[in-house]
Amino acid sequence: MKALWQSIKYGYSSLCRRRLYLICMIFVPLLCCLFFLSLLQEGLPVRVPTAIVDLDHSSMSRAMTRNLDSQQYVDITESAESYDAALGAVRAGRVFGFYVIPANFQRDALSGRKPVINYYSNMTYFVPGTFSYKGYKTLAVQATASMVQEAASEKGISDRTIEALVKPMSIDINPVHNPWTNYSMYLTPSFSAGVLELMIILVTIMTLTYEIKYGTSRQWLRNSHGSIILAVTGKLLPQTVIFTITGWCMQGLLFGISQFPVLCPLWVLALSMPFFVLACQGFGLMMSCIFPNPRFALATGTLVAILAFSLTGFSFPVQNMYGAVGIFSYIVPVRYYFLIHIQQVLNGTGLYYSRMYFVALIIMTFLPALMLWRFKHACIRQQYVP
């Protein structure tokens, strides 16, 4: 017990000696959480800047321009005189797409010549490009329906029959668990957890491998009476406490101050955080055991943690990934924390149905114990290769 206490004091003092550790453990995760909250404070990007190219200048084209500007997702900020001018605005980044009303549009529409409307979206930026495309397509469908309605009315068809032709069925959209279609409720907790995982892995690797780099690993082991288990436990335990408190503060920002909906008991939400922190520390310890060199361990850990943003299902389902790519999602802790969040916070299922994800986090916490002999050998040798 005395050796463990000495190791804990050594680990705490090593954190206090370098402010960088405390910055990475407290300020970076909280500031990133606030950044994502402010970035997505509207829930989803609306009123995407767009341009209109009206080559007809008729009453019908002006009505279409007003209808386009009234769309939920589109904001007409420029009126271009030609296709090239509108394309230049897209390339300059002032707009994310443009709508082209051809010349003689009203004359061709009233005479039944089927004029062609063109609209262009910049899909380099997926979200604003998608929203602008949705607004353009909605207006095109409405314009087509309006023309059909006007032509049918001139032929004496009743309004009820026209309505049945133009809109044969009504669609009632009910988004499950997120009726506000608020992207922030889904993305902000996910990305914040990814940033927290990155910081945990980096700080874990640095505090462990820097003992070898600065030639203090033998003294570190002596303080723990030669036990690598006590040395690692004492080193990481203060970090576990600080990271857990930081994670709880992030959850307070998201589900307390921002009032994101929570469909599970709050103690379940709080319970998932220490399991997640320990699993991330276990992953960082595993990297340190495999590569007992700061440069190699940090490079590998950072690469995996950064790829976790793409491979764990935040923005693209793992089930639809290539098998050789999707399999890597199961080696990072944030994947299981993400699944716990989906099942507990968003779906409100019982804790029983998330038990396997908690088990996976526990396994990732203790799996590095099989490789501690390698890290101990590196600490005894104390040879740093820059």
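This report describes helix packing and buried residues in a predicted model.

**Packing around helix α8**

Two packed helices are described by the angle between their axes and the distance between the axes. Helix α2, residues 19-39, and helix α8, residues 184-213, have axes that come within 9 Å and cross at roughly 165 degrees. Because angles over 145 degrees count as roughly antiparallel, α2 is described as roughly antiparallel to α8. The crossing of this pair is right-handed. On the α2 side the contact is made by Tyr21, Cys24, Met25, Val28, Pro29, Cys32, Cys33, Phe36 and Leu37, while the residues contributed by α8 include Ser184, Thr188, Phe191, Val195, Met199, Val203, Met206 and Tyr210. Sorted by class, the contact of α2 with α8 comprises 16 nonpolar and four polar residues, with no charged residues.

Helix α8 also packs against helix α14, residues 333-346, at an angle of about 150 degrees and with the axes 10 Å apart. That angle makes α8 roughly antiparallel to α14, and the crossing of α8 and α14 is right-handed. Here Met185, Tyr186, Pro189, Ser190, Ala193, Gly194 and Glu197 of α8 meet Pro333, Val334, Tyr337, Phe338, His341, Ile342 and Leu346 of α14. The residues of the contact of α8 with α14 divide into ten nonpolar, three polar and one charged.

**Helices with a buried face**

In helix α16, residues 372-381, the buried residues are Leu372, Phe375, Ala378 and Cys379. Viewed down the axis of α16, these buried residues fall within an arc of 120 degrees, so they line one face of the helix. The elements that cover them include α8, together with α9 (217-223), α10 (228-257) and α11 (266-290). Just after α16, Gln382 takes a positive phi of about 55 degrees.

In helix α4, residues 83-91, the buried residues are Ala86, Ala89 and Val90. Their directions cover an arc of only 100 degrees around the axis, which puts them on the same side of α4. Asp84 and Arg91, on the other side of α4, are exposed. The cover over the buried residues of α4 includes the strands β1 (48-54), β2 (74-80) and β3 (97-101). Just after α4, Gly93 takes a positive phi of about 85 degrees.

**Two buried residues of helix α6**

Pro128 is found in helix α6, which spans residues 126-154, and Ser132 is placed in helix α6 as well. With a relative accessible area of 18%, Pro128 is buried, since buried means under 20% relative accessible area. Ser132, at 0% relative accessibility, also counts as buried. Leaving aside residues up to four places away in sequence, Pro128 touches Val48 and Phe96. With neighbours within four places in sequence likewise set aside, Ser132 is in contact with Val48, Val74, Phe96 and Ser121. The table gives, for each of these residues, a partner that is distant in sequence, with the separation in space taken from C-alpha to C-alpha.

| Residue | Partner | Separation in sequence | C-alpha to C-alpha distance |
|---|---|---|---|
| Pro128 | Gly97 | 31 residues | 9.1 Å |
| Ser132 | Pro49 | 83 residues | 8.3 Å |

Technical notes
Residues numbered from 1 in each chain as written. Predicted model: local features only at pLDDT ≥ 70, side-chain atom pairs only at ≥ 80, totals over all residues. Heavy atoms only, no water. Axes fitted to C-alpha atoms, helices over the stretch in contact; angles between N-to-C directions. Helix = DSSP H or I, 4+ residues; strand = E, 2+ residues; numbered from the N terminus. Parallel < 35°, antiparallel > 145°, perpendicular 65-115°, else oblique. Left-handed = near helix turned anticlockwise from the far one by under 90°. Contact = heavy atoms within 4.5 Å. Nonpolar A, V, L, I, M, F, W, Y, C, P; charged D, E, K, R; others polar. Buried < 20%, exposed > 50% of the residue type's maximum accessible area, 1.4 Å probe, protein only. Arc of directions from axis to C-beta.
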